[in-house]
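Here are some short exercises to work through with the model open in your viewer. Try each task yourself before reading its solution.

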Amino acid sequence: MAARIWRLGAIVGMMALAACEAPQGAVLSRPTAERSAVELPSPEQAAENFVSVVRRMEPQIEAECYARTRGRNCDYQIMVDDRPSTDPNAFQTEDRQGRPVVAFNLALIASAQNPDELAFVMGHEAAHHIAGHLAAKEQDALRGAVLLGTLAAVAGADVSGISRAQDIGASVGSRTNSKDYELQADRLGTIITWNAGYDPLRGAEFFRRIPDPGETFLGSHPANALRLDIVRQTVAELRAGRI
Ligand SMILES: [Zn+2]
């Protein structure tokens, strides 16, 4: 089946972007100083790389989704987010019909050094859907909101105080497990990337060029070194035929 690549900007009005997922789903958040030292493909080459990666990755992503889930929509739409932004970004969401959407912005497509990096990011974002992370994050946020709202009520807060506590609870709650979700997506993304014939180790070199969130308390992303470890470990298992 020919890969269909949609322009996100043209249809973004129809999409139900999960409230907290777009910024947090980003694999990249800011360009780094080292980027200037990195050799990047020409814009034509970058576009060509992206199209060929979509063609090879989409069937693997969908096969993995059907194999690992029951009753989930596995008909992925891989899109280009052409809204103007200089910060490289990719994210996963669902449209109103429940179709999984993986979107890359132009800055990310242009800043990937090779097809392996694009494939790895695509596999990672697709894995979030297969693993059900959007729904899990919503549950985490809801639990946090209920917990802090109840605490505020017990402490005698008024209606606006309870509402503020619920907002804080939702925000903290949505981050509770997010590092685990990222590492799970790195592992499954590595498997998909490998099965599509790309090199996940080369693809994960991307992490070396993005700002390291370190071990920030309640940060949404794990430290880059930890992510690279997961990729290396998963590739070792794949090479040994244990996965
Ligand atoms: Zn992620």
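Before we start, one convention: helix axes are lines fitted to C-alpha atoms over the stretch in contact, and angles run from 0 to 180 degrees between N-to-C directions. Please also keep in mind that this is a predicted model.

**Exercise 1. Get an overview of the protein chain: how many helices and strands are there, and what share of the residues is buried?**

Solution.
- Step 1: Count the elements. The protein chain has 10 helices and five strands.
- Step 2: Turn to burial. Of the 243 residues, 49% are buried.
- Step 3: Look at the surface. The exposed area is about 11,600 Å², and 56% of it comes from carbon and sulfur atoms.
- Step 4: Check the contacts. Taking those between residues at least 6 apart in sequence, 75% join residues at least 24 apart.

**Exercise 2. Find which residues coordinate the zinc ion, and decide whether His-124 is buried or exposed.**

Solution.
- Step 1: List the donors. His-124 and His-128 each coordinate the zinc ion through NE2, and Glu-182 does so through OE, at 2.1 Å.
- Step 2: Write the spacing of these donor residues in sequence, which is H-x3-H-x53-E.
- Step 3: Place the ends of that pattern. His-124 lies in helix α5 (residues 115-130) and Glu-182 in helix α8 (residues 178-195), 58 residues apart, so this pair links distant parts of the chain.
- Step 4: Apply the cut-off for buried residues, under 20% relative accessible area. His-124 has 1%, so His-124 is buried. Glu-182 also has 1%, so Glu-182 is buried.

**Exercise 3. Describe how α8 packs against α10.**

Solution.
- Step 1: Choose the descriptors. Two packed helices are described by the angle between their axes and the distance between the axes.
- Step 2: Read them off. The axes of α8 and helix α10 (residues 224-239) are 9 Å apart, at an angle of about 40°.
- Step 3: Classify the angle. Under 35 degrees would count as roughly parallel, and 65 to 115 as roughly perpendicular; α8 and α10 are therefore oblique to each other.
- Step 4: Add the handedness, which is a right-handed crossing.
- Step 5: Name the contacting residues. On α8 they include the zinc donor Glu-182, along with Leu-183 and Trp-194. On α10 they include Leu-226, Ile-230 and Leu-238.

**Exercise 4. Do the same for α3 and α8: at what angle do the axes cross?**

Solution.
- Step 1: The axes of helix α3 (residues 43-68) and α8 cross at roughly 130° and come within 9 Å.
- Step 2: Over 145 degrees would count as roughly antiparallel; α3 and α8 are therefore oblique.
- Step 3: α3 passes α8 in a right-handed crossing.
- Step 4: Among the contacting residues are Met-57 and Ile-61 of α3, and Leu-188 and Ile-192 of α8.

**Exercise 5. Work out which residues Ala-46 and Asp-116 touch, leaving out residues up to four places away in sequence.**

Solution.
- Step 1: Ala-46 sits in helix α3 and counts as buried at 3% relative accessibility.
- Step 2: Ala-46 touches Pro-41, Ile-109 and Ala-110.
- Step 3: The C-alpha atoms of Ala-46 and Ser-111 are 8.2 Å apart, although their positions lie 65 residues apart along the chain.
- Step 4: Asp-116 belongs to α5 and is buried at 9%. Asp-116 touches Tyr-198, Asp-199, Arg-202 and Gly-203.

Definitions and conventions: Residues are numbered from 1 along each chain as its sequence is written. This is a predicted model: local features need pLDDT of at least 70, side-chain atom pairs count only at pLDDT 80 or more; totals for chains, interfaces and linings use all residues. Side-chain values use heavy atoms; hydrogens and water are left out. Donors are N, O and S atoms within 2.8 Å of the metal (3.2 Å for Na, K and Ca); water is not among the atoms, so sites may look incomplete. Helices (H or I, at least four residues) and strands (E, at least two) are DSSP runs, numbered from the N terminus. Buried means under 20% relative accessible area, exposed over 50%, partly exposed in between (1.4 Å probe, protein chains only). Contact means heavy atoms within 4.5 Å. Accessible areas come from the Shrake-Rupley method with a 1.4 Å probe; for residues, only the protein chains shown count as cover. A crossing is left-handed if the near helix is turned anticlockwise from the far one by less than a right angle, and right-handed if clockwise.
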